[in-house]
Amino acid sequence: MHQRQDVGYRISALYRQQQLAIGILDLASADELRETLSWYTESMNMPLYVITLQSRLDESDWQDDFPDVNFIVFKSAATTGEYINAFADECYATYFLVVRTDCTLIAFEGERLMGMMAEKNHPAIITPVMISSSCEILPTLRAPYINGRHVDPMSFTPAVDSDTPEDNLYPVMEIGLYDRALFQRLRSYDTAISGEFYQAMDLGVRCFLFGYRICTTRSLAVQFPSRISIIEDRSLCDGVARFYTKALSIRRIAGKNVVEKWKPYVDKEVLAEEVKKKQLLLQKTDFFTLMKNWKVAGSADTEGDKDS
């Protein structure tokens with residue numbers, strides 16, 4: 001549902017690409033959505049999109065209250081990755097920022113962020129520093145790590161006293177500033193994976209394996225007014241074998257990619273159609289090399305496997 005604007009403006013917009021669009025995931029109460037929309041319409045002069053459910057729009061006429069906002073409406077609940085994929089298809093912007101109604105944007109240094117994205121080897125995603133309701137910086141830097149047969153990323157706290165961006169394995173809660181073309185070239189979020197943790201990690205690992213990176217910088221920050229911590233559900237989910245097959249089935253030996261199945265998690269279809277036909281030719285490194293060479297500047301979280 002497009003913002004209520006004159007037809008001439010809408011037609012002209014089809015022939016030019018906006019630099020930045022903001023997608024707001026409607027994941028909290030109606031009051032929080034209203035507060036969030038009021039703040040963004042007053043503070044950010046760029047296209048706004050709300051990704052929401054039909055049941056929310058049935059509550060009141062949101063388009064009358066917020067005529068300059070676009071609404072992407074799902075009939076039923078879907079994964080966060082599916083919401084973001086739809087937003088990326090609709091926004092027609094060079095970059096897009098994903099936020100949520102249960103967090104507040106407290107830092108957005110547009111000039112610095114756009115400068116980072118304009119660099120030759122720019123990140124695929126810039127993830128924010130995340131701050132709790134008690135004003136503590138949350139350990140949301142993730143580093144690759146294998147515990148037994150499972151990928152179990154370690155957690156670290158960003159070094160916010162430095163301007164230097166730090167590598168992050170994946171976008172926690174899928175919040176961040178995305179390069180839209182690169183995101184779609186990497187084939188977006190895999191919606192056949194049902195768990196948010198594995199869905200986000202799948203995209204992040206793909207970024208690094210194909211020679212791109214994700215980073216966190218203090219130039220982008222969000223605060224959670226009602227959260228002391230962030231809890232990730234790292235339990236196995238539908239589609240987890242897809243992640244493991246893409247992430248761990250290739251070993252790079254003497255400069256060449258070699259297929260080695262990572263048991264017990266093998267998706268035979270993904271192995272045949274994705275790994276052997278595409279990744280084998282294009283992958284720049286492997287997960288094991290990534291883990292060995294990963295550099296962390298932040299401090300470790302001793303509760304790393306569940307709470308942040």
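**Figure 1. Helices α8 and α9 are roughly parallel to each other****.** This close-up comes from a predicted model. Helix α8 covers residues 196–209, and helix α9 covers residues 240–248. They pack at an angle of about 15 degrees. Angles under 35 degrees count as roughly parallel, so α8 and α9 fall into that class. Their axes lie 10 Å apart. The crossing of α8 past α9 is left-handed. On the α8 side, the contact is made by Y198, M201, D202, V205, R206 and L209. On the α9 side, V240, F243, Y244, K246 and A247 take part.

**Figure 2. Strands β1 and β2 run parallel****.** Strand β1 spans residues 18–25 and is joined to β2 by four bridges. One facing pair is I24 and V50, with V50 in β2. Between the two strands, the chain passes through helix α2, residues 30–43. This β-α-β crossover is right-handed.

**Figure 3. Strand β2 also pairs with strand β3****.** The pairing is parallel and has six bridges. Strand β3 is made of residues 69–74. Here L53 has F74 of β3 as its bridge partner. Strand β2 itself, residues 48–53, is mostly covered. Five of its six residues are buried.

**Figure 4. A cis peptide bond links K263 to P264****.** Omega for this bond is near 15 degrees. P264 sits in a loop. Before that loop comes strand β15, residues 256–259. After the loop comes helix α10, residues 268–282.

**Figure 5. Y92 has a positive phi without being a glycine****.** The phi value is about 50 degrees. Y92 lies in the loop between α5, residues 80–91, and β4, residues 93–100. Is Y92 buried, partly exposed or exposed? Its relative accessibility is 49%, so Y92 counts as partly exposed. The cut-off for exposed is over 50%.

**Figure 6. S188 is another residue other than glycine with a positive phi****.** For S188, phi is near 60 degrees. The residue is found in the loop between α7, residues 180–185, and α8. Buried means under 20% relative accessible area. S188 has 12% relative accessibility and therefore counts as buried.

Methods. Residues are numbered from 1 along each chain as its sequence is written. This is a predicted model: local features need pLDDT of at least 70, side-chain atom pairs count only at pLDDT 80 or more; totals for chains, interfaces and linings use all residues. Side-chain values use heavy atoms; hydrogens and water are left out. Buried means under 20% relative accessible area, exposed over 50%, partly exposed in between (1.4 Å probe, protein chains only). Two strands pair if DSSP finds at least two bridges between them. A crossover is right-handed if, with the strands pointing away from the viewer, the path from the first strand over the helix to the second runs clockwise. Axes are lines fitted to C-alpha atoms, for helices over the stretch in contact, and angles run from 0 to 180 degrees between N-to-C directions. Angles under 35 degrees count as roughly parallel, over 145 as roughly antiparallel, 65 to 115 as roughly perpendicular and the rest as oblique. A crossing is left-handed if the near helix is turned anticlockwise from the far one by less than a right angle, and right-handed if clockwise. Contact means heavy atoms within 4.5 Å.
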